[in-house]
Amino acid sequence: MDRGLGNQLESLISSFAMALLSNRVFLVDSTTVHHLFTPPPGLAWHYSVLPDNMNHDIIYDHSKLLDLRWNNPIEFEYLLCRDLKEAFPQQYLFVFSDQYYLPALRHNELYQSQLQEWFGEDIFGVLARYLMRPKEYIMQEVSTFYDRHLSNTYSVGLQVRTATMKEHDLKALVEGMDDFAWRDWINSFWKCGMLASYRAASASSYFIASDHRRVKSAADTMFGNRSHWYKQEVTRAKISGHATALIDILILSTCDDIVTTTMSTFGYVPAALAAKEPLVVSYQSTCLREITSQPCFHKWGYLMQAKCYDKTKMISPELRMCGIYSPPEQTPDPILD
């Protein structure tokens, strides 16, 4: 697995489903996952059991590396069109991914009915709630924060990502290089958050999850003492940073409503965990209500040239609001509800 925590968790869920469909043992080689999560009862998933008990040359000679990363379109077609056992007959299958690729399997005619029978429509949520069992110290942090700040109010979680947005580098924007674009972008989240709480019968509170302090200070200016955030640093460079990111994800999932950043896997995960259709701030600074809590499959465009691709049948809510490719028939209306 690669990239940030959201991408890693989406890859984890997708790979577990693929292991089930192809009747394989599921092992995880990820320092982040092993530090943050306890495996479900009966599932021993640590990869070390394999090299500790097998000759490395034998593993290498009987293995296949399946590269499902962002910039590699070659092997996604297998997931949509082929029998997994026939496509990958090797004894060991190493999946290197930074994508939520489960929708490709979900549209494979060989696996559609099986996945529907196992998981229903909330496929990501069911799998995530089974696999994602955070360590006790993480759950304690989440519980304490929720009880202290969110439990007695209508809570809105706002996930504001400082990454490449609207063809600008938002990290440059937050440093003040383009103040107009910064204010336009950040105000869209505040408006969306206030609209989310408009019908609330009780007082509202706002939980802010962001990787830049200026976002949080702007939230304080906007919402005053109704603005809350977890205090620790979010960073990909350290395990403690990933732990903080997971705490942010879990707190977001407890909120009554969630506002996310378009294209952000970090925002997809809490919405799917909570089975809540989030509000999304689009590239055009528009507030939209998603039609599904399921994450987007960012690389659906890779499959459009596949031999088995059928645009009349392969229509999926996972394509909505992905920010890269949305068929005209799936373009959402700019409304809140």
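This report walks through the aromatic ring pairs of the structure above, and one lysine that sits over a ring. Keep in mind that the model is predicted.

**Aromatic pairs**

In total, the structure holds 13 aromatic pairs. Among them are the two set out here, one edge-to-face and one stacked.

| Pair | Arrangement | Centre to centre | Between the planes |
|---|---|---|---|
| F16 and F26 | edge-to-face | 5.2 Å | 75 degrees |
| Y206 and F223 | stacked | 3.9 Å | 15 degrees |

Let's start with F16 and F26. F16 belongs to helix α1 (residues 5-21), while F26 is found in the loop between α1 and α2 (31-36), so their contact ties together parts that are 10 residues apart in sequence. Both F16 and F26 are buried. If you follow the rings onward, you will meet Y130 as well: ring pairs link F16, F26 and Y130 into a cluster.

Now for Y206 and F223. Here the pair links distant parts of the chain, with Y206 in strand β6 (residues 204-210) and F223 in helix α13 (residues 213-223), 17 residues apart. Are these two rings buried or exposed? The relative accessible area of Y206 is 2%, under the 20% cut-off, so Y206 is buried. F223 has a relative accessibility of 4% and therefore counts as buried too.

**A lysine over a ring**

Finally, have a look at W70. K299 lies over the face of the W70 ring, at 4.0 Å from the ring centre.

Notes
Residues are numbered from 1 along each chain as its sequence is written. This is a predicted model: local features need pLDDT of at least 70, side-chain atom pairs count only at pLDDT 80 or more; totals for chains, interfaces and linings use all residues. Side-chain values use heavy atoms; hydrogens and water are left out. Rings of Phe, Tyr and Trp (its six-membered ring) pair if their centres lie within 6.5 Å; planes under 30 degrees apart count as stacked, over 60 as edge-to-face and the rest as tilted. Helices (H or I, at least four residues) and strands (E, at least two) are DSSP runs, numbered from the N terminus. Buried means under 20% relative accessible area, exposed over 50%, partly exposed in between (1.4 Å probe, protein chains only). A charge sits over a ring if NZ of Lys or CZ of Arg is within 6 Å of the ring centre and within 35 degrees of the ring normal.
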